[in-house]
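Here's a quick tour of a protein model, written for someone who likes to know what sits against what. Have a look at the fold first, then come back for the details.

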Amino acid sequence: MDERVNAHRLDVVWDARNRYQKNIFFTVSLLRVVCQPEKRIAMLSVNEPLLIFTDLDGTLLDSHTYDWQPAAPWLYRLRERNIPLILCSSKTAAEMLHLQQTLGLQGLPLIAENGAVVQLDAHWQTQPHYPRRINGISHSEIHIVLNSLREKMHFKFTTFDDVDEQTIVDWTGLNRTQAALTRLHEASVSLIWRDSDERMTLFADQLEQMGLQFVHGARFWHVLDASVGKDQAANELIAIYQQLWQKRPATLGLGDGPNDAPLLDVMDYAVVVKGLNREGVHLQHIEPSRVYRTQHEGPEGWREGLDYFLSSDKG
């Protein structure tokens, strides 16, 4: 009887010991994983062919003040290394050409109006459609469609064409000269939606039937041809650089809004800058090695993203 009791007690002890050892092993293994320093792999180099595509408002520029000074050190480094920084925005080409001058990026390509307009590099005079390619339906044609829908179905919205420059100054905080440039659309219409979410769905459906798309930017909504986009415009420029350099460049994209997702999805690496948009940025390809989400907003987040992917080359 005593032997059986002792044997039982021994089995209980061994069982407890085994469970304890397993728990210790699991705890140690877990600590090794948690406490292991993050491995940073040099994924991009400023010494290799590289293109950087960036959104403007809320990304390179502060959403409220349009300040870009936190990004200035990287702008200087990229310019020094002859790395093209390609602005890609819902803004008009006229606005963006002005910004290029301010940022020291004059002469480089740019993507305006969410991809509906592509300004080519100043040195690409032999390229078809130089200096600027207009994609899809024109601004005037879209304007006619919108007025027709508003008249027939009583949708509530206000386009940039409906107001004067002072109103745009009030909406955006820009000065009058810059506000005038925002009105020079070539292949899209920007607007403020003033109706319900349900009516918005109906509006978007009506546009789709007419070959148009309704795109949400950082502040405003934009209507443009359904066949165009930031991603297609970026691929067009990448192909030209590949032809000129005889090698496909690595690509890095930065953006903060829903309309930046198509662009970021076609990049080799992507930086999602923390933004104010409630919809966020939803990507199809979210591999941690490819996508970095910043802790900071605006130009500080922009700088953080470049520090993350290019810090080993910073000097």
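A residue counts as buried here when its relative accessible area is under 20%. By that yardstick, buried residues account for 46% of the protein's 315 residues. Keep in mind that this is a predicted model.

**Overall picture**
- The secondary structure adds up to 10 helices and 12 strands.
- Take the contacts between residues at least 6 apart in sequence: 60% of them join residues at least 24 apart.
- The protein exposes about 16,600 Å², and carbon and sulfur atoms supply 52% of that.

**Around Asp55**
- An unreviewed UniProt entry carries the annotation "active site" on Asp55.
- You'll find Asp55 in the loop between strand E1 (50-54) and H2.
- Is Asp55 buried or exposed? Its relative accessibility is 5%, so Asp55 counts as buried, the cut-off being under 20%.
- Leaving aside residues up to four places away in sequence, Asp55 touches Leu60, Cys88, Ser89, Lys230, Leu254, Gly255, Asp256 and Asp260.
- The side chains of Asp55 and Thr59 also make a polar contact of 3.1 Å.

**Helix H2 and what follows**
- H2 has Trp74, Leu75 and Leu78 as its buried residues.
- Looking down the axis of H2, you'd see those buried residues within an arc of 105°, so they line one face of the helix.
- This is where the textbook rule helps: an α-helix has 3.6 residues a turn, so residues three or four places apart point the same way.
- The buried residues of H2 pack against E1, E2, H3 and helix H10 (298-310).
- After H2 comes Asn82, with a positive phi near 60°.

**Helix H3 and what follows**
- In helix H3 (residues 93-103), the buried residues are Ala93, Glu95, Met96, Leu99, Gln100 and Leu103.
- Down the axis of H3, its buried residues fall within an arc of 150°, so they too line one face of their helix.
- Which elements cover the buried residues of H3? Among them are helix H2 (72-80), strand E2 (85-88), strand E3 (110-112), strand E4 (117-119), strand E5 (132-134) and helix H6 (176-182).
- Gly104 follows H3, and its phi is positive, near 75°.

**Aromatic pairs**
- How many aromatic pairs does the structure hold? There are 16 aromatic pairs.
- One of them is Phe155 with Phe203, an edge-to-face pair at 5.1 Å centre to centre, with 70° between the planes.
- That pair links distant parts of the chain, 48 residues apart: Phe155 is in the loop between helix H4 (139-153) and strand E6 (157-159), while Phe203 is in helix H7 (residues 197-209).
- Phe155 and Phe203 are both buried.
- The rings of Phe160 and Phe220 have centres 5.1 Å apart and planes at 90°, so this pair is edge-to-face.
- Phe160 and Phe220 also link distant parts of the chain, 60 residues apart: Phe160 is in the loop between E6 and helix H5 (165-172), and Phe220 is in the loop between strand E8 (212-216) and strand E9 (221-225).
- Phe160 is buried, with a relative accessible area of 5%, and Phe220 counts as buried at 12% relative accessibility.
- Phe155 and Phe203 turn up again in one aromatic cluster, together with Phe157, Trp193, Phe214 and Trp221.

Methods: Residues numbered from 1 in each chain as written. Predicted model: local features only at pLDDT ≥ 70, side-chain atom pairs only at ≥ 80, totals over all residues. Heavy atoms only, no water. Buried < 20%, exposed > 50% of the residue type's maximum accessible area, 1.4 Å probe, protein only. Helix = DSSP H or I, 4+ residues; strand = E, 2+ residues; numbered from the N terminus. Arc of directions from axis to C-beta. Contact = heavy atoms within 4.5 Å. UniProt positions renumbered as here; feature names shortened; annotations may be inferred. Polar contact = N/O pair within 3.5 Å; in protein donor to acceptor, adjacent residues only side chain to side chain. Areas by Shrake-Rupley, 256 points an atom, 1.4 Å probe, with all protein chains shown as cover. Phe/Tyr/Trp six-rings, centres within 6.5 Å; stacked < 30°, edge-to-face > 60°.
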